[in-house]
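Let's walk through this one together, one question at a time. Have a look at the sequence and the structure first.

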Amino acid sequence: MGADRFKGFVSYGFYKGGFTTTKPAPFESPKDYMYGSGSMAACDNCSSLSCTKCPRCEKPHCFDCFWNKLHRC
Ligand SMILES: [Zn+2]
Ligand SMILES: [Zn+2]
């Protein structure tokens, strides 16, 4: 993470995760990549249905593992 093109997405994720109450400005989402093909496979960590594909290890993760548990790879 940290690439400029993911900046808006990251702040949106923190907003969704309840880390901030500031609603981020509209952004161009990389959802075609993050939520594209393969993103609905089982979470690589806990096997629940994933919704986020990690841009680094390219493994699917559920919202809880990726955002709430701050997935590192
Ligand atoms: Zn998980
Ligand atoms: Zn990863």
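Q: Is lysine 16 buried, exposed or partly exposed?
A: This is a predicted model, and lysine 16 sits in helix H1, which covers residues 7-16. Burial takes 20 or more other C-beta atoms within 10 Å, while 12 or fewer would make a residue exposed. Lysine 16 has 13 such atoms within 10 Å, so the class is partly exposed.

Q: How far apart in space are lysine 16 and tryptophan 67, C-alpha to C-alpha?
A: Lysine 16 belongs to helix H1. In sequence, 51 residues separate lysine 16 from tryptophan 67. In space, the C-alpha to C-alpha distance for this pair is 9.1 Å.

Q: In what order do the elements of the chain run from the N terminus on?
A: The chain has 3 helices and 2 strands to place. Starting at the N terminus, their order is α-α-β-β-α.

Q: Which element of the chain has the highest mean pLDDT?
A: For the chain, the mean pLDDT is 73, with 49% of the residues at 70 or more. Among the elements, H2 has the lowest mean, 55. The highest mean, 92, belongs to H3.

Q: Is serine 47 buried or exposed?
A: Serine 47 is placed in the loop between helix H2 (31-34) and strand E1 (52-53). The cut-off for an exposed residue is 12 or fewer other C-beta atoms within 10 Å. Serine 47 has 11 C-beta neighbours inside 10 Å, and therefore counts as exposed.

Q: What is the phi of leucine 70 near?
A: Leucine 70 is found in the segment after helix H3 (63-68), and is exposed, with 10 other C-beta atoms within 10 Å. Most residues other than glycine have a negative phi. Leucine 70 has a positive one, as does serine 47, where phi is near 70°. For leucine 70, the value is near 50°.

Q: How far apart in space are glutamate 58 and cysteine 73, C-alpha to C-alpha?
A: Glutamate 58 lies in the loop between E1 and strand E2 (60-61). With 11 C-beta neighbours inside 10 Å, glutamate 58 counts as exposed. Cysteine 73 is 15 residues away from glutamate 58 in sequence, and their C-alpha to C-alpha distance is 9.9 Å.

Q: What percentage of the residues of the chain count as buried?
A: Lysine 16 is partly exposed, and glutamate 58 is exposed. For the chain, with its 73 residues, the share that counts as buried is 15%.

Notes: Residues numbered from 1 in each chain as written. Chains lettered and ligands numbered in written order. Predicted model: local features only at pLDDT ≥ 70, side-chain atom pairs only at ≥ 80, totals over all residues. Helix = DSSP H or I, 4+ residues; strand = E, 2+ residues; numbered from the N terminus. pLDDT = per-residue confidence, 0-100.
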